[in-house]
Amino acid sequence: MKKVYLSLSSDVIHNGHIKIISRAAELGELTIGVLTDEAIARFKRFPTVSYEERCELVSSLKGVSAVVPQDSIDYEKNLLKYKPDIVVHGDDWVTGTQAPVRAKVLKVLESYGGELVEFPYTINPMEDAMEADARRILSMPEQRRSRLKQLLKMKKPVTILEAHNGLTGLIVENTKIEKNGEIIQFDGMWVSSLCDSTAKGKPDIELVDNTSRLNTIDQIMEVTTKPIILDGDSGGLVEHFVFLVKTLERMGVSAVIIEDKEGLKKNSLFGTEVSQTQCSIETMCEKIKAGKEALTTQDFMVIARIESLILEQGMEDAIARARAYVKAGADGIMIHSRQKSPDEIFEFCRIFREKDQVTPLIVVPTTFNMVTEAEFAEHGVNIVIYANHLIRSAFPAMQHTAELILQNGRCMEADKEVMPIKQILTLIPEAK
Ligand code: SPV
Ligand code: MG
């Protein structure tokens, strides 16, 4: 009896899956590699049906002899572990995003004499509608809100990119690349005060009010499903912060990060070049406590951001604040720095982790940009936020286009560098 292996990467089982399972079972003893929640979240989107439920469903199907976890879209680990004689797949992966995954499967099979059998892919007319349904479910507040906490349990680090409107939200939602046989994407969005303000032509001084910030979030939410972290600046007055927290939680935002500053807030990357004041530990703790008390669910995270290194107050102050904020109930600590070297961030992580291995640590590597996500994870970091990169890439591109038109007195030269009209017309589909 030959050993047959089929990987199921979907959280929706339809007639196409049943058909390929029964054909695979005809070839020998069939093992199904069920993709773990983390693997599905990585390459596709967060699953709507949990790994355990999917295993139960799949193992009850006719022809299935065994179910094993597959923890990556890359088959290598499982193929080398189970050495199936035959791998079965639909022929849809010959081209498109999964083609490199197929190429790697062929290479591994060749290494031990296994074989790939492909059956014609059954197009299910309902597939698009089912996918749209799944996305609608995932975008609902109670689904989306808890996603960050779920991701923190699954993945280290969770990677977050800045979004400041619907369009940049779509970029964070949909951008995927193939890397080392895996398909990867960002986990969620950071609604940055710098980028939200800049996009509105305003300085980053808490001038854009919460009504406007919430409107930005709403625009992003309308077209995405991924979790959102709001840059809440100083959080404002305690009396105002509790209202903000309630509203964010109700909307389905996953976390707010507030920084320990008072008075006129300026962007942290100015450091001590401008006058900015750090608030007292007591004031910050009071705000954290009030925010936590205002919550209705266990899902929403109030994260405290420490500005001690930015304001050159020293490591001891940063650590003392971190411990106090965690004690006050903070669900995570963001430690910020504007140094080019990551040394002080790594030192903070090391000292913090000596006594606390649980509280999530968050970093924003705008200046210490050479550090990779894997290195951050090794230092105990749980969330990496790329805080301003979409707006920083868009602005020079737009300015260049404006200059090209001025220089040439026409738009032909600019047209060569911009997206074709046909593409922009169809970029956003009319109905989903
Ligand atoms: C932001 O993105 O607005 C931030 C991060 O607060 S930073 O600009 O580095 O202060
Ligand atoms: Mg900010």
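In the predicted model, a polar side-chain atom of S193 sits 3.1 Å from an oxygen atom of ligand 1. D231 also places a polar side-chain atom by an oxygen atom of ligand 1, at 2.8 Å. For H336, the distance from a side-chain N or O atom to an oxygen atom of ligand 1 is 2.7 Å. The protein buries 100% of the 280 Å² that ligand 1 exposes when taken alone.

S193, D231 and H336 belong to the set of residues around ligand 1. W190, S192 and L194 are also part of this set. N267, S268 and L269 contribute as well. R305 and A387 complete the list. By class, this shell comprises 4 nonpolar, 5 polar and 2 charged residues. D231 and R305 are the charged members. The nonpolar members are W190, L194, L269 and A387. S192, S193, N267, S268 and H336 count as polar.

The largest pocket was examined next. Its space amounts to about 1000 Å³. The lining consists of 42 residues. Closest to the pocket centre are S9, D92, Q98, Y121 and E127. Two strands and two helices each give two or more residues to the lining. The strands are β1 (3–8) and β4 (86–90). The helices are α1 (15–25) and α6 (127–139). E127, one of the residues closest to the centre, is the residue at which α6 begins. Sorted by class, the lining of the largest pocket holds 16 nonpolar, 15 polar and 11 charged residues.

Definitions and conventions: Residues are numbered from 1 along each chain as its sequence is written. Chains are lettered from A and ligands numbered from 1 in the order in which they are written. This is a predicted model: local features need pLDDT of at least 70, side-chain atom pairs count only at pLDDT 80 or more; totals for chains, interfaces and linings use all residues. Side-chain values use heavy atoms; hydrogens and water are left out. A residue is near a molecule or strand if one of its heavy atoms lies within 4 Å of it. A polar contact is a pair of N or O atoms within 3.5 Å; within protein, one must be able to donate a hydrogen and the other to accept it, and residues adjacent in sequence count only if both atoms are side-chain atoms. Accessible areas come from the Shrake-Rupley method with a 1.4 Å probe; for residues, only the protein chains shown count as cover. On a 1 Å grid over the protein atoms alone, a cavity is a set of points where a 1.4 Å probe fits but cannot get out, and a pocket is an open set with protein on both sides within 12 Å along at least five of seven lines; lining residues have an atom within 4 Å of a point. Grid points are joined across faces, edges and corners, and a volume is the space filled by probe spheres set on the points. Helices (H or I, at least four residues) and strands (E, at least two) are DSSP runs, numbered from the N terminus.
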